[in-house]
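Me: I should like to learn how to read the features of a protein model one at a time. Please give the general idea first, and then the case at hand.

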Amino acid sequence: MPELPPTPLTLVLVDDHEMVLHGLDAMLGHFPDDVVIVGQSTTDTAALRMVAEHRPDIVLCDVRIGKASGLDLCRQITVQYPDTKVVLLTVYDDEHYLYQALRVGASGYILKRVDGRELVAQLRRVQDGETVVDASLAGRVALAAARLNAGQFWSGAHLGLTQRESEVLGLLVSGHSNRAVASKLVVSEDTVKTHIRGLYRKLGVSDRSGAIAVALREGLFR
């Protein structure tokens, strides 16, 4: 007997921008044999109701959903509905968010530059039990791990700073504004602010001047 084609995956899409939802709907509409969208939401609360109602195979959501956190939503879904997998589809090209996503149970972290065919292929891999990570991020994470194994730590690692937090702190020491830091690292200003809050907490300071003072006192940047 001929092998039956795979059953289409059921998806719930979550993003606080309706334009993104419409774009995903249109893009994935080219693959009706592979995916079926059973719900779309611009809020985390509505998304949870849709998951409870439809029990989709996969939820595609952003890291940020307005003022809510897609990471918190991911944690809730994976705890309450363990048969539903969550994939973060985001513009945040940042290892910090990737690590957080994996810690809260995400099955994938994909950047929004992905095309439809590749996205469908990644979702199939997720459904087969794999954890998928955008290739560019996976390469950077592997390189960072190799450096750590070789004992090549970044400035501030001994203080608990992540590599990206160290990069942000170095730019602050050089006098860059949040906007300039975002431009240098090719991330959003919100992402920069998140890193700054993290490094403030780890350095035990409350403002930029305090962080710079610690960096200079510790000789982190020459």
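**Reading the fold**

Reply: Of the contacts in the protein chain with a separation of 6 or more, 65% are between residues 24 or more positions apart. Please keep in mind that this is a predicted model.

Me: How many helices and strands does the protein chain have, and what does the C-alpha trace span along its principal axes?

Reply: There are 10 helices and 8 strands in the protein chain. Its C-alpha trace spans about 70 × 35 × 30 Å along the principal axes.

Me: How is the surface to be read, and what share of the residues is buried?

Reply: A residue counts as buried when its relative accessible area is under 20%. By that criterion, 43% of the 222 residues in the protein chain are buried. The chain exposes about 11700 Å², of which carbon and sulfur atoms supply 52%. As for charge, the protein chain carries 24 positive and 27 negative charges, and the mean positions of these two sets are 9 Å apart.

Me: In what order do the strands of the open sheet lie, and is the pairing parallel or antiparallel?

Reply: To read a sheet, one follows the pairing from strand to strand. Here 6 strands form an open sheet in the order β2-β1-β3-β6-β7-β8, with parallel pairing. Strands β2 and β8 (132–133) are the edge strands, since each pairs on one side only.

Me: Which strands are joined to β1, and by how many bridges?

Reply: Strand β2 (residues 35–41) runs parallel to β1 and is joined to it by 6 bridges. V14 has S41 of β2 as its bridge partner. Between these two strands the chain passes through helix α1 (residues 18–28), giving a β-α-β crossover that is right-handed. Strand β3 (residues 58–61) is also parallel to β1, with 4 bridges between them, and L60 in β3 is the bridge partner of L13. Strand β1 itself (residues 9–14) is mostly covered, with 5 of its 6 residues buried.

Me: Which strand is joined to β6, and which residue is the bridge partner of V87?

Reply: Strand β6 (residues 85–90) is joined to strand β7 (residues 108–111) by 4 bridges, and the two run parallel. The bridge partner of V87 is G108, in β7.

Me: How should one read the buried residues of a helix, and which are they in α2?

Reply: An α-helix has 3.6 residues a turn, so residues three or four places apart point the same way. In helix α2 (residues 44–54) the buried residues are A46, A47, L48, M50 and V51. These residues pack against β1, β2, β3 and α3 (70–80).

Me: What follows α2, and is its phi positive or negative?

Reply: R55 comes after α2, and its phi is positive. The value is about 45 degrees, although R55 is not a glycine. R55 lies in the loop between α2 and β3. Because its relative accessibility is 53%, and exposed means over 50%, R55 counts as exposed.

Me: Where is V186, and what is its phi?

Reply: V186 is in the loop between α8 (178–185) and α9. V186 likewise has a positive phi, of about 55 degrees, without being a glycine. Its relative accessible area is 67%, so V186 is exposed.

Me: Is T84 buried or exposed, and why?

Reply: T84 is buried because its relative accessibility is 4%. This residue is in the loop between α3 and β6. Apart from residues up to four places away in sequence, T84 touches V51, R55, P56, D57, I58, V59 and I77. Among these, V51 is one of the buried residues of α2.

Me: Where is T131, and with which residues is it in contact?

Reply: T131 lies in the loop between α5 (116–127) and β8. With neighbours within four places in sequence left aside, T131 is in contact with L102, A106 and S107. Because its relative accessible area is 48%, T131 is partly exposed. T131 and L21 are 110 residues apart along the chain, and their C-alpha atoms are separated by 23 Å.

Me: Which residues does V205 contact, and how far apart in space are V205 and L119?

Reply: V205 is located in the loop between α9 (189–203) and α10 (208–217). Its contacts, leaving aside neighbours within four places in sequence, are Y200, G210, A211 and V214. V205 and L119 are 86 residues apart in sequence, and the distance between their C-alpha atoms is 42 Å.

Terms used
Residues numbered from 1 in each chain as written. Predicted model: local features only at pLDDT ≥ 70, side-chain atom pairs only at ≥ 80, totals over all residues. Heavy atoms only, no water. Buried < 20%, exposed > 50% of the residue type's maximum accessible area, 1.4 Å probe, protein only. Contact = heavy atoms within 4.5 Å. Areas by Shrake-Rupley, 256 points an atom, 1.4 Å probe, with all protein chains shown as cover. Lys, Arg positive; Asp, Glu negative; His and termini not counted. Charge placed at Lys NZ, Arg CZ, Asp CG, Glu CD. Pairing = 2+ DSSP bridges. Right-handed = clockwise from strand over helix to strand, strands pointing away.
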